[in-house]
Structure formats: C-alpha cells, structure tokens
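Me: Let's go through this model together. I'll ask, you explain.

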Amino acid sequence: MNKFPKVYVVTLNYNGLDWLKECLDSISNLNYTNFNVLLVDNGSVDNSVKFVKENYDNIEILENKSNLGYSEGFNKGINYAIKNNAEYVLIMNNDTIIDKEALTQLVKTATTDSKIGFVSGKVYYY
C-alpha cells in the first residue's frame, strides 16, 4: 500500500448552498496529500452545483437528477470513489467542517492494523 493511500472525501448535498462554502473550504485545507473531493448532489434546486462549479475547480461533482435520500446518495458517491481507485472513503455531511489534521490522523489509524475496517473521528459542536 502506498504511504499515502488515495482517499475520496465524499460530501452529500441537497439544497445545502448555505453550508457548502464552509464545508468545502475546510476540506480544501486538509493537510493530507493524496485525496480527491466528490460532491454528490441529490437534485438540488438552490444553485448549489452552480456555486461549486464556479468556485471549486478541484471538486468532482456527481449530479443525481432527484433526491435519492441519504443512503442511496452516499452509496452512489462511494461506488464512484471505488471505481476511481479510492483505497479509503471519508463521508461527510455538507453542514460540517473538518479539522485540517483529521484525514491524516484517520488514515494513520486505519493503516496501523489490517483488521481495521472502519475509523471515525470525533464530532464537536462549535
């Protein structure tokens, strides 16, 4: 396995324009070196996709024509990530922010033991 396994950060969005900037900026500031960002949009009508396309050229977008719901929306994103050679997938809600060290620490923990199949960070309210 690569010293820095490829990670996809998958964020699900449905009419979340009000939260996207803060969420995507925090993802963009991660100090991990080998990751892609995928926004899965569940048929938003609030110009979320337009906002991302105009402000984040490094973010991949998977546009669903309708709201597939939480599970199916994330499953579409996870499948996309796996098809694009992700070794790990981090799923994030669009109304969250992530500490710049979080992905580095999650991967570090996940790679310490081959029996580890899932890691999660702490959730704080700010």
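Me: What classes of residue make up the lining of the largest pocket?

Reply: This is a predicted model, where local features need pLDDT of at least 70, side-chain atom pairs count only at pLDDT 80 or more, and totals for chains, interfaces and linings use all residues. Residues are numbered from 1 along each chain as its sequence is written, and side-chain values use heavy atoms, with hydrogens and water left out. Ala, Val, Leu, Ile, Met, Phe, Trp, Tyr, Cys and Pro count as nonpolar, Asp, Glu, Lys and Arg as charged, and the others, Gly among them, as polar. On that split, the lining has 21 nonpolar, 6 polar and 4 charged residues.

Me: S44 sits in the loop between β2 and α2; is S44 buried or exposed?

Reply: Buried means under 20% relative accessible area, exposed over 50%, partly exposed in between (1.4 Å probe, protein chains only). S44 has 18% relative accessibility, so S44 counts as buried.

Me: Which side chains make polar contacts with the side chain of S44?

Reply: A polar contact is a pair of N or O atoms within 3.5 Å; within protein, one must be able to donate a hydrogen and the other to accept it, and residues adjacent in sequence count only if both atoms are side-chain atoms. At 3.2 Å, the S44 side chain pairs with that of N13. At 2.7 Å, its partner is the side chain of D41. That gives N13 and D41.
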